[in-house]
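Student: Please examine one part of this structure closely, and show how its surface and its interior are tied to the rest of the chain.

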Amino acid sequence: REGHWAHASGLEYVLADEGAGWDLGMHGLRAVVRAADGRGPATLLSRLAPPELGLPADVDRYELHELIYAAPKMKALVAKAAPAVLRAATQGDEVARGIVERAADELLLGVEACARGVGLEPGSAARYTGSILLGDEPALVDIFRERLKNSPFAFIPTPMPGDPVEAVRELIGQLTQGEVNLDRVPLASRF
């Protein structure tokens, strides 16, 4: 309410975008390759992830490699594997579950860092947005909500609209109860 803002992670996929679609997809595709070459356990992701990228379920790791590295928009292509990770986790795949739990932990670290950064009191309500948290696959949001319950801030998560900029606009309106000026919000001004 005092106009303080904090930002954690979200610095794109090379520096910091833990818990985002690309992050989930990248870890999922790495698990597929690890299972294929014997460095990792078998996983449902080997069957579920390739079709998300337009490949047959029984594709070999070399064809997967060719598709990924030839893609003009590699980040977007890798992120397409995220729903497979969430679906596999929901179906009980331990590898996928581990990926989703790590993503939820990273998201919680970001939420708590922002809460501390703006001086929120324990028990403050949290609002969240994003295509992964608001998507059709509940695995990440379910684990994230459980993690939020155990946070020192005891957050009560409430979903925001799916479009991040609209979510920020709505939140500013709620906080300021007045005119919404996105130029004052560092993240929104980047858009």
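Tutor: R147 has a relative accessibility of 23% and therefore counts as partly exposed (buried is under 20% relative accessible area, exposed over 50%, partly exposed in between, with a 1.4 Å probe and protein chains only). R147 forms a salt bridge with D105, with 2.5 Å between the closest N and O atoms (the criterion is a side-chain nitrogen of Lys or Arg within 4 Å of a carboxyl oxygen of Asp or Glu). Because R147 belongs to helix α8 and D105 to helix α7, the pair ties together parts that lie 42 residues apart in sequence. D105 is likewise partly exposed, as its relative accessible area is 33%.

The model is predicted, with pLDDT of at least 70 required for local features and 80 or more for side-chain atom pairs, while totals for chains, interfaces and linings use all residues. Residues are numbered from 1 along each chain as its sequence is written, and side-chain values use heavy atoms, without hydrogens or water.

Helix α7 holds a second salt bridge, in which the side chains of E101 and R97 meet at 2.8 Å, N to O. Both residues lie in α7, four residues apart, which is about one turn of the helix. An α-helix has 3.6 residues a turn, so residues three or four places apart point the same way. E101, at 26% relative accessibility, counts as partly exposed, and so does R97, at 34%. In the whole structure, a search finds six salt bridges.

R97 also belongs to the contact between α7 and the preceding helix, α6. There V85, L86, A88 and A89 of α6 meet A96, R97, I99 and V100 of α7 (contact means heavy atoms within 4.5 Å). By class, this contact has seven nonpolar residues, one charged residue and no polar ones. The two helices pack at an angle of about 115°, and their axes are 7 Å apart (axes are lines fitted to C-alpha atoms, for helices over the stretch in contact, and angles run from 0 to 180 degrees between N-to-C directions). After α6 comes G92, which has a positive phi, near 95°.

On its buried side, α6 contributes A82, A84, V85, L86, A88 and A89. These buried residues pack against α2, α3, α5, α7 and α8. A charged residue of α6 also reaches another helix: R87 forms a salt bridge with E52, the closest N and O atoms being 2.5 Å apart. This pair links distant parts of the chain, with R87 in α6 and E52 in α3, 35 residues apart. R87 is partly exposed, with a relative accessible area of 24%, and E52 is partly exposed at 27% relative accessibility.

From α7, V100 carries the description into the interior. Not counting residues up to four places away in sequence, V100 touches L24, V85, L86, A89, A139, L140 and I143. The largest nonpolar core has 36 residues, and V100 is among those that touch the most other members, together with L24, L29, L45 and L140 (such a core is a set of buried Ala, Val, Leu, Ile, Met, Phe, Trp, Tyr and Cys residues joined through side-chain atoms within 4.5 Å). Two or more residues of this core come from each of α2 (21–37), α3 (45–52), α4 (61–70), α5 (74–79), α6 (82–90), α7 (94–118) and α8 (139–149). The largest share, seven residues, is supplied by α7.

In α2 stands G28, which counts as buried because its relative accessibility is 0%. Leaving aside neighbours within four places in sequence, G28 is in contact with L45, V85 and I99. G28 and A81 are 53 residues apart in sequence, yet their C-alpha atoms are 7.0 Å apart.

These links can be placed within the whole chain. The protein chain has 10 helices and two strands (DSSP runs numbered from the N terminus, H or I of at least four residues for helices, E of at least two for strands). Their order from the N terminus is α-α-α-α-α-α-α-β-α-β-α-α. Of the 191 residues, 36% are buried. Among contacts with a separation of 6 or more, 69% join residues 24 or more positions apart.

Methods: Nonpolar A, V, L, I, M, F, W, Y, C, P; charged D, E, K, R; others polar.
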